[in-house]
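Visitor: I am new to this structure and would like to be led through it slowly. Could we begin with a single pair of residues and widen the view from there?

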Amino acid sequence: MNLLTVENIAKSYGEHVLFQNLSFGVNKGQKIALIAKNGDGKTSILNILSGKDSPDAGLVNYRKGTRVSFLEQEPDLNPDLTVEQTIFASDNEVLGIISAYEKALANPEDEEAYQKAFDAMDRFDAWDFETQYKQILFKLKLEDLNAKVGLLSGGQKKRLALANALINRPDLLILDEPTNHLDLEMIEWLEQYFAKENLTLFMVTHDRYFLERVCNEIIELDLGKLHPYKGNYSYYLEKKEARIEQETVELHKSKLLYKKELTWMRRQPKARTTKSKSRIDDFKVIKEKAHQRRLEHEVQLEINMERIGSKILELHKISKSYPNKPILDKFEYTFTKGERVGIIGKNGTGKSTFLNILTATDVPDAGKVVVGDTIKFGYYTQTGITIKKGQKVIDVIREFGDYIPLKKGRQISAQQLLERFLFDRKKQYDFVEKLSGGERKRLYLCTVLIQNPNFLILDEPTNDLDIVTLNVLESFLLDFPGCILVVSHDRYFMDKIVDHLFVFRGDAIVEDFPGNYSDFKTYEDSVVIEKRIEKSKIAENSSNKKSWKNPPVSQKLSYLEQKEYKSLEKEIQKLEDKKENVQQQFMNADLSGEEVDKLSVELKEIEGGIETKTERWFELSALLEH
């Protein structure tokens, strides 16, 4: 069943044309992701679909009666309302039905209106509305219904906006970067929820694991054209590569044909026949095709790095707390050359506070931070670039100088540097306030890297960046010889970049885990399984004590189970070796973006196999020990 049809929409801002003649549809049950580079119009398309904006041309048609919810990237909520009041202040259709029913109760003489309101309450299952919205709020960890919105964190506000969208029980849910500002636990809950629920989704997200596990179709906006792919992210990568190869072949053919037709055009006399006029018209089309160029520019990051000495960064018994909220308690760590550490933890556990203490933008309550003499921090914060009214893109870079040093003694101009960050000459003279969210983040990243840091501290660097920029940033960070400390909720990004993790558990508990995020998740899952098995044993022992008259029943493994148990250890070891081999391949600096993506998909499959086989091994072990 078709819920939405988009026909030939176009959008421009002054002379800047975002897109023209775009057409697509959304059917019930589809989970579609829209992929495009920053500034190509992803958010504009979502705003048009949600009714917040209108196209310059074309039509957007919804099936009659279709309920639509829109989750914005930055939710606009009233800071003076409580969590619960925000739910009742929304334009939820069920609230209107409840209001009509209460009005009908107040006027019992109008039997027809009462019956109509009663039927609507039944049809929309509005009797249990309070239970429904509380269940969703509690699932999204918003237990304090009286908390003021103005005091909520960015992640809590995003969850409240999401709750509002889900409570509406929409036929179509439109999402703009749904994972931004959410912690890893909540991202994984949302991923599982969307994967199993029979929802229709249309979203923009840069979270590649989310794309892989939730979406069943991807639409790419590339050079002003839409390309649909009926599959998840892995399928998209495979088919996109094939499409580009085909386009390259066709472009080569068009150029050969253009040369041939150009020769013919030059030979032609001025008097034209009808046939030759038709060929001239065809020549114009051929010329246009032959001069098409794939604008597959990639951000090139080869900024010079200051020399790094033997002393890097030392933390001596660092403590920090806020009223009723301890963050760090005598935390100690000494960084070594080339370390790349990821920081994970729930929102509010103190990750950003920790980064601020390292960079002296905040001070510890006790302890000492010792920074090496040669260390130069590059600190990418969540706040992003400070926008000055009337400032142009080129002016932002020129604040750091007209020329920027590169490796091997070379240098480039501010204009050339911006071109490497995908800002063409025309874009460089745009006002900063006119840039898209992703373009501002890319410009901010440029300002951090051009200062030649040797210790990069990145707080949510992946938010709002497009997938192309993410791939190149990852390649740069893999080659970066200095230290890296990164807070990110992008699991794909963390798996590729970091060697070990600081896990912020809350209540000033910080653990050092030796591995990337997928390693950590596998470990955590195995701990959960062990606890379940232990709980099961305790329950069984308790049951045996109560039924002491019954003789114990020996539960042994069957022949096939024994065979399986013996083979599992070998299979797990083989997969671990395979995993290590794939991880080693990531160290190859010559890998292309496509090769990195393929290796990431392979790594995910291996880790999934390890997790499944390990869980089965624990099950059989428990039976063997009984």
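Visitor: In strand E9, which residue stands opposite Ile219?

Guide: This is a predicted model, in which local features need pLDDT of at least 70 and side-chain atom pairs count only at pLDDT 80 or more, while totals for chains, interfaces and linings use all residues. Residues are numbered from 1 along each chain as its sequence is written, and side-chain values use heavy atoms, with hydrogens and water left out. Strands (E, at least two residues) and helices (H or I, at least four) are DSSP runs numbered from the N terminus, and two strands pair if DSSP finds at least two bridges between them. The residue of E9 that stands opposite Ile219 is Pro228.

Visitor: Over how many bridges do E8 and E9 pair?

Guide: The hairpin of these strands has two residues between them, and Leu223 takes a positive phi near 55° there. Strand E8 covers residues 217–222 and strand E9 residues 225–229, and their antiparallel pairing runs over bridges numbering five.

Visitor: In the sheet E11-E10-E13, which strands stand at the edges?

Guide: The three strands form an open sheet in that order, with antiparallel pairing. Each edge strand has a single partner strand, so one side of each is left without a neighbour in the sheet; these are E11 (325–334) and E13 (366–371).

Visitor: What angle does the direction of helix H11 make with that of E10?

Guide: Helix H11, residues 351–358, packs on the sheet and touches E10, E11 and E13, where contact means heavy atoms within 4.5 Å. Axes are lines fitted to C-alpha atoms, for helices over the stretch in contact, and angles run from 0 to 180 degrees between N-to-C directions. Taken in this way, the angle between H11 and E10 is about 130°.

Visitor: Which helix gives the most to the largest nonpolar core?

Guide: A nonpolar core is a set of buried Ala, Val, Leu, Ile, Met, Phe, Trp, Tyr and Cys residues joined through side-chain atoms within 4.5 Å, buried meaning under 20% relative accessible area, exposed over 50% and partly exposed in between, with a 1.4 Å probe and protein chains only. This core has 55 residues, and Met203 is one of those that touch the most other members. With seven residues, the helix that gives the most is H6.

Visitor: Is Gly401 buried or partly exposed?

Guide: Gly401 lies in the loop between helix H12 (393–398) and strand E15 (403–405). Because its relative accessible area is 21%, Gly401 counts as partly exposed.
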